[in-house]
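User: I've got this one loaded up and want to talk through how its side chains pack. Can you walk me through it?

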Amino acid sequence: MQSVWNDLRYALRQLRKSPGFALTAILTLAFGIGATTAIFSVVDGVLLRPLPFPHASQLFALGDTLHGVTIAGNGQTVAPPEIPVYERTMKTASSLGGYITTGFELSGKVAPDAINAARMGASVFPTLGVQPLMGRTFTQKEDDQRAPVTVLSYATWKSRFHGDPNIVGKTILLDRRPYVVIGVMPRGFEFPLQPGQLNRTELWVPLSLTEDELTKQAGSWNFPMVGRRKPGVSLAQVQANANQAVGTIERGWPAFMSGLQMTASVRSLQDATTASARPLVRILFLSVFVVLLIACANLAGLLLVRAIRRQRETAVRLALGVSSRALVRQTVLESLVLSVSGGLLGVALAALLIRVSIHYLPETLPRIQDIRMHPAVVGFGLLLAIGTGVICALAPAFAALHTDMNAALKQGGRSGSAGGSHARLRSALVVAEIAIALVLVVLSGLLLRSFQKMRNVSLGFNPQHVVLASYSLPMHQYGTQTSVDAFNHELLRRIQALPGVRSVGLASWLPMSGSSNHTGFVAEGYTQPKGVPTNVEEAIQVEGAYFHAMDIPLLRGRTFIGSDDGQAPLVVIVNRKLAEHYWPHQNPIGKHIHIGSNQYSGLPITVVGEVADIKTDAPDAETSEQFYQPVDQWVPSLGKLAAADDISGNGMSLVVRTAQSPAAMESAIHAVFHSLDPQLAVTQVETMQTAISDTEAPRRFNTAIISAFGIIAALLAMLGIYSVIAFTVAMRTQEIAIRMALGASRTGIRRLVLASGARLAVAGCAIGLTAALLVSRLFSSLLFQVNAFDPLILMLGTVAVLLLAIAASAPTAQRAASIEPVRALHDE
Amino acid sequence: MATAVPTQDDALIRIEALTKVFYTDEIETHALSGIHMTIARGEYVAISGPSGCGKSTLLSILGLLDTPSGGVYQLNDRPVENLNFAERSRIRNQEIGFIFQSFNLIGDLTVYENVELPLTYRSGMSAVERKRRVDESLARVGMAHRLRHYPAQLSGGQQQRVAVARALAGSPSILLADEPTGNLDSRNGEAVMQLLKELHKDGATICMVTHDPRFAKLAEREIHLFDGQVVSEADLRQKMAAETEMLK
């Protein structure tokens with residue numbers, strides 16, 4: 001123990017003697033360990049940490065997988081009539097319930113606002129196993145009887161109701177209907193576990209499925225289910241049980257769904273919550289780990305230089321009889337002092353990084369609130385520091401053990417041959433650094449190119465000078481089609497009258513909103529392929545001059561006119577992709593479609609126009625087949641499919657094309673809404689450019705962060721090249737002097753040094769290119785319209801790294817060319 | 001002030017009032033103080049003197065490794081004291097052959113490559129011509145059988161012979177040898193001195209720095225340096241005796 005203590009004191013003394021070296025090494029490692037720890041906190045929070053529910057591993061998510069049909073959320077949701085069937089049949093679950101996210105206008109004693117909420121079955125809270133902080137959750141009776149009760153989230157209770165200790169029992173207005181607050185959930189409780197930070201659920205109301213949902217929405221897969229396995233029951237058993245339930249469900253299907261093929265999909269809730277984020281998080285971690293490897297290679301290189309410079313000291317120790325173990329211990333201790341110091345600083349840096357950058361994480365990332373410096377994350381950072389210290393000590397320990405005692409003692413520690421072999425080891429480290437850096441640079445290039453391609457994608461409409469606003473008319477006040485139509489017509493009239501407005505329209509779903517509505521669709525004259533029971537297409541209801549406001553090109557026929565109302569012949573406008581699918585190489589004008597399926601459909605609707613395809617999701621998402629109907633004609637077009645209380649146009653988005661700055665228009669739009677209905681909550685008042693930018697955020701985030709890692713990796717590799725070349729030149733000072741004495745010009749010496757840097761770079765690039773080709777397949781899911789083996793990117797990446805390597809060698813080359821031969825020879 | 005007297009009219013090197021001053025912090029050290037010296041073509045001159053007398057500094061200036069602080073230095077009738085680095089490099093490469101005390105062979109190059117090295121710095125010399133010269137030089141010093149060896153695989157005497165071959169390969173006007181036997185045992189030392197003598201006999205001009213009187217006597221002419229000045233042999237003995245007395 002005493003000897004360890006002595007070695008430690010010696011190591012500290014040695015580092016105090018070289019503060020520059022110590023600082024460089026500690027900062028390099030602090031950066032590497034800090035970045036890795038920060039990204040690990042994301043991995044831990046998003047993927048590893050159990051969900052914030054008791055015995056979370058017992059929780060599972062249940063959905064239906066429809067085969068041969070493309071619908072959003074396939075495998076994640078069930079239709080409402082299935083919920084009671086699953087609840088009855090799933091004997092493998094101790095409890096099970098369905099839920100759906102929704103929105104409400106919250107008003108009453110608080111400022112009116114649109115909030116995110118969830119309708120939850122009474123069994124969901126017991127399934128999750130979280131007790132309320134105050135009051136209680138719903139009873140089954142309240143769920144069955146559609147009781148107007150609500151449970152608040154902790155954040156909502158604190159922020160909107162100022163933490164009122166008497167909130168339980170009080171009444172609030174949701175969509176202008178009174179609801180009694182029966183409980184408040186504890187801090188940190190969140191369900192459903194939505195991605196991002198903006199869509200947190202603020203309150204919960206009973207699921208209370210309506211008669212219409214239970215009887216007519218067998219084909220509406222919008223409700224996820226969550227359950228808890230009974231003790232000792234495996235997921236596979238739950239899956240088998242769920243498939244039995246599917247048989248019962250299929251027997252209850254209406255005739256028009258008879259052709260569908262469905263299986264149940266059971267996954268652990270953790271898996272279901274994090275599946276979409278897994279590729280990104282893994283790649284982030286891989287990238288940052290690569291940066292850490294480069295940092296380690298740099299530190300190992302620096303320690304190796306020290307070992308070479310201290311060969312004489314090592315030789316003296318060997319001559320005095322030091323054991324190999326003691327020699328290695330001293331080297332490892334010195335490395336550990338550096339790495340643990342770097343690790344502590346790195347962990348502090350990671351804490352700062354998490355605090356600062358958490359707001360910049362993409363909204364597609366789930367469980368962001370769980371990303372924190374948990375003790376496990378701190379432990380990971382410190383373990384990483386210790387591991388790094390031991391690994392970095394390997395090269396110098398090897399050098400120390402292989403010291404040529406005789407030569408080192410005779411030549412005063414300046415043995416060229418020993419330095420040469422260690423320099424080769426150091427060169428190998430740098431070659432590895434360059435190779436790794438090239439992989440990251442190539443990946444950054446591929447992502448940047450993908451991002452550029454995405455930015456160049458034609459959206460199908462003109463997003464310039466467009467302002468958006470969304471609203472949802474509360475049923476309580478707008479319970480009839482007439483009242484909804486009156487509001488919408490007056491809104492359009494008043495907005496159109498605003499100065500600078502060129503055109504204005506309404507749509508049920510906006511491009512780039514991330515939401516859409518898919519509906520069963522039948523095209524007359526189209527023969528359904530075998531195995532495809534129902535066509536499901538994206539349906540959009542519009543009003544006013546929507547196509548003009550969006551600047552969507554009309555390709556054939558006409559757009560909607562004022563007379564296309566509920567009494568007029570039914571009309572529809574289709575997009576090019578849909579027309580090409582159902583009537584390839586034909587003029588779609590005059591063709592007919594029906595909503596529903598072949599067996600169970602609405603009234604015939606005539607195609608009167610064909611418009612260009614537009615992107616309804618992110619620019620890099622597949623364009624969907626779309627059809628547009630006038631708002632007034634949607635319910636009539638459903639024919640016998642329509643329910644008596646069906647209303648269209650009560651949840652719409654406003655699209656305003658303006659001649660002036662769209663941002664300046666936002667307050668005027670707010671004022672118009674306020675003048676029509678002062679209590680109405682208007683959301684997402686923003687420019688179309690902002691909406692597009694939001695959809696690009698995940699790809700922008702991927703690109704930015706991996707490019708940042710690529711740049712850091714390249715810079716670290718440059719530092720590595722610089723130090724190895726500088727070290728090599730220092731070792732070769734005499735050789736350079738001899739060359740000069742023999743007539744080498746300064747240019748020749750410069751060339752000699754640059755060539756040695758270029759040689760390392762070429763070797764590193766050759767290995768890096770091979771590695772990039774091997775690993776690029778892993779990243780193909782992140783690419784858009786770019787081949788993972790894009791030769792241009794590979795070439796540019798290689799050239800960039802080569803040039804950086806040569807640039808890193810340039811200062812040393814200049815220094816070498818400035819060597820005065822006479823002094824170098826006399827210093828011999 | 002004594003002057004090194006030329007013994008031939010055909011001067012290859014002519015030096016007049018040459019000085020070299022080193023500045024370290026605020027200390028001014030006069031390494032050479034007004035040297036006058038001439039070396040004729042084909043002459044074999046030894047420069048001797050005690051440690052610190054300026055021998056190596058003088059040889060560095062003669063070899064254009066260093067520049068004088070003052071005075072005139074003509075090589076082949078051309079003033080070379082104020083040339084730029086590139087010009088000095090070219091002259092070093094073409095007109096001067098160095099033999100160092102510690103051989104200064106490059107450890108990573110073979111014997112052949114070491115000897116070829118100065119020739120690679122000459123533009124326009126073909127590979128065939130380089131090979132011919134390298135082979136000839138190595139044969140001349142008796143090292144033709146060690147072409148592919150690395151310096152570490154040779155004895156000190158062999159390394160110095162390779163260094164002599166390297167100096168000869170460029171057919172320089174003068175060979176400058178700085179204590180060529182300093183790192184050798186007496187047998188190898190004598191062999192190298194014998195080699196230099198033979199080279200001189202074949203017409204080479206040699207200027208050798210040595211502190212060993214036995215080897216200095218092998219030269220045609222001996223120039224004695226003391227405190228940066230050229231002195232006669234008698235003066236040198238007198239000054240050294242006085243210095244020894246003072247130390248006592």
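## Packing, ring by ring

Analyst: Sure. One thing up front: this is a predicted model. To start, A:Tyr478 counts as buried, because its relative accessibility is 8%.

User: And its ring partner A:Phe487, what is its relative accessible area, and is that buried or exposed?

Analyst: A:Tyr478 and A:Phe487 form an aromatic pair, with 5.6 Å centre to centre and 80° between the planes, which is edge-to-face. The cut-off for buried is under 20% relative accessible area. A:Phe487 therefore counts as buried, at 5%.

User: How are the rings of A:Tyr99 and A:Phe191 arranged?

Analyst: Both A:Tyr99 and A:Phe191 are buried. Their ring centres are 4.8 Å apart and their planes meet at 65°. Planes over 60 degrees apart count as edge-to-face, so this pair is edge-to-face.

User: How many residues apart are those two in the chain?

Analyst: A:Tyr99 belongs to strand 2 (residues 93–107) of chain A, while A:Phe191 is in the loop between strand 7 (177–184) and strand 8 (203–206) of chain A. The pair links distant parts of the chain, and the separation is 92 residues.

User: Which residues do ring pairs link into a cluster?

Analyst: Over all chains, the structure holds 23 aromatic pairs. Ring pairs join A:Tyr99 and A:Phe191 into a cluster with A:Phe53, A:Phe125, A:Phe138, A:Phe189 and A:Trp204.

User: Switching to the largest nonpolar core, which helix gives the most to it?

Analyst: That core has 92 residues, and A:Val46, A:Leu338 and A:Phe709 are among those with the most contacts inside it. A:Leu338 touches residues including A:Phe21, A:Ala25 and A:Leu303. The top contributor, with 14 residues, is helix 2 (residues 19–48) of chain A.

User: Which ring does the charged end of A:Arg746 sit over?

Analyst: There's a case within chain B too, where B:Arg214 lies over the face of B:Phe215, at 4.8 Å from the ring centre. For A:Arg746, the charged end is 3.4 Å from the centre of the ring it sits over, and that ring belongs to B:Phe85.

User: Last one: which helix of chain A helps cover the buried residues of helix 3 of chain B?

Analyst: In helix 3 (residues 111–120) of chain B, 8 of the 10 residues are buried, including B:Tyr112, B:Glu116 and B:Leu119. From chain B, the cover includes helix 2 (85–95), helix 4 (127–141) and helix 5 (156–169). From chain A, it includes helix 22 (733–741).

Terms used. Residues are numbered from 1 along each chain as its sequence is written. Chains are lettered from A and ligands numbered from 1 in the order in which they are written. This is a predicted model: local features need pLDDT of at least 70, side-chain atom pairs count only at pLDDT 80 or more; totals for chains, interfaces and linings use all residues. Side-chain values use heavy atoms; hydrogens and water are left out. A nonpolar core is a set of buried Ala, Val, Leu, Ile, Met, Phe, Trp, Tyr and Cys residues joined through side-chain atoms within 4.5 Å. Buried means under 20% relative accessible area, exposed over 50%, partly exposed in between (1.4 Å probe, protein chains only). Helices (H or I, at least four residues) and strands (E, at least two) are DSSP runs, numbered from the N terminus. Contact means heavy atoms within 4.5 Å. Rings of Phe, Tyr and Trp (its six-membered ring) pair if their centres lie within 6.5 Å; planes under 30 degrees apart count as stacked, over 60 as edge-to-face and the rest as tilted. A charge sits over a ring if NZ of Lys or CZ of Arg is within 6 Å of the ring centre and within 35 degrees of the ring normal. Lists of a residue's contacts leave out its neighbours within four places in sequence.
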